[in-house]
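Here is a short walk through the structure, written to be read with the model open beside it. Take a moment to find your way around the chain before reading on.

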Amino acid sequence: MATVIRLTRMGRKKKPFYRIVVTDSRKRRDGGWIESIGFYNPLLENTSVKVNEERLNYWKSVGAKMSERVEKLTSK
């Protein structure tokens with residue numbers, strides 16, 4: 001199974017809110033996921049991003065790939 005760390009969209013119309021999740025790469029964007037490790041809210045003035053670094057490092061160590069957007073968000 002190829003695991004990937006990516007964003008899944010939550011919230012309502014015109015009010016997006018994203019969770020940073022670990023999922024199988026073959027699933028849809030908003031399909032089921034294995035574990036939620038953080039969130040990203042682009043609507044706040046300082047665009048809040050919160051990630052559980054311990055779990056992120058664990059999933060990277062077992063071979064999970066990060067999407068481009070998650071890489072940019074976690075590098076800040």
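## The loop between S1 and S2

Lys14 sits in the loop between S1 and S2. In this model, which is predicted, Lys14 has a positive phi of about 65 degrees, although Lys14 is not a glycine. Is Lys14 buried or exposed? Its relative accessibility is 70%, so Lys14 counts as exposed, the cut-off being over 50%.

On either side of this loop are strand S1, residues 3-12, and strand S2, residues 15-24. The two strands run antiparallel and are joined by 10 bridges. If you would like one pair to look for, Arg9 has Tyr18 in S2 as its bridge partner.

## The sheet and its helices

Now step back to the whole sheet. Strands of a sheet pair through backbone hydrogen bonds, and the pairing can be parallel or antiparallel. Here the sheet is open and has five strands, in the order S4-S3-S2-S1-S5, with mixed pairing. Which strands form the edges? They are S4 (48-51) and S5 (65-66), each of which pairs on one side only.

Helix H1, made of residues 53-61, packs on this sheet and touches S1, S2, S3 (35-41), S4 and S5. The direction of H1 makes about 120 degrees with that of S3. Helix H2, residues 68-75, lies across S1, S2, S3, S4 and S5, and runs at about 85 degrees to S1.

The two ends of H1 also deserve a look. At the N-terminal end, Asn52 acts as a cap, with a side-chain oxygen 3.2 Å from the backbone nitrogen of Glu54. Just after H1 comes Gly63, which takes a positive phi of about 105 degrees.

## Glu35, between strand and helix

Glu35 lies in strand S3. Its relative accessible area is 18%, so Glu35 is buried by the cut-off of under 20%. Leaving aside residues up to four places away in sequence, Glu35 touches Ile20, Val21, Val22, Arg55 and Trp59.

With which residue does Glu35 meet in a salt bridge? The partner is Arg55, and the N to O distance is 2.9 Å. Because Glu35 lies in strand S3 and Arg55 in helix H1, the pair ties together parts that are 20 residues apart in sequence. Arg55 itself is partly exposed, with a relative accessible area of 27%. The side chain of Glu35 also makes a polar contact of 2.7 Å with the side chain of Trp59.

## Another salt bridge

How many salt bridges does a search of the whole structure find? The search finds two. Besides the pair of Glu35 and Arg55, Asp24 forms a salt bridge with Arg26, with the closest N and O atoms 2.9 Å apart.

The surroundings of these two partners are worth setting side by side. Asp24 counts as buried at 10% relative accessibility, whereas Arg26 is exposed, with a relative accessible area of 65%.

## Aromatic pairs

A search of the whole structure finds three aromatic pairs. One of them is formed by Phe17 and Phe39, which are stacked, with 5.9 Å centre to centre and 20 degrees between the planes. Phe17 lies in strand S2 and Phe39 in strand S3, so this pair ties together parts that are 22 residues apart in sequence. Phe17 is partly exposed, with a relative accessible area of 28%, and Phe39 is partly exposed too, at 30%.

A pair of aromatic rings is described by two values, the distance of the centres and the angle of the planes. Why is the pair of Tyr58 and Trp59 edge-to-face? The ring centres are 5.3 Å apart and the planes stand at 75 degrees, so the pair falls in the edge-to-face class, which takes angles over 60 degrees. Tyr58 counts as partly exposed at 39% relative accessibility, while Trp59 is buried, with a relative accessible area of 12%. Trp59 brings us back to strand S3, for its side chain is joined to that of Glu35 by the 2.7 Å polar contact, and Glu35 lies in that strand.

Definitions and conventions: Residues numbered from 1 in each chain as written. Predicted model: local features only at pLDDT ≥ 70, side-chain atom pairs only at ≥ 80, totals over all residues. Heavy atoms only, no water. Pairing = 2+ DSSP bridges. Helix = DSSP H or I, 4+ residues; strand = E, 2+ residues; numbered from the N terminus. Contact = heavy atoms within 4.5 Å. Axes fitted to C-alpha atoms, helices over the stretch in contact; angles between N-to-C directions. Salt bridge = Lys/Arg side-chain N within 4 Å of Asp/Glu carboxyl O. Buried < 20%, exposed > 50% of the residue type's maximum accessible area, 1.4 Å probe, protein only. Phe/Tyr/Trp six-rings, centres within 6.5 Å; stacked < 30°, edge-to-face > 60°. Polar contact = N/O pair within 3.5 Å; in protein donor to acceptor, adjacent residues only side chain to side chain.
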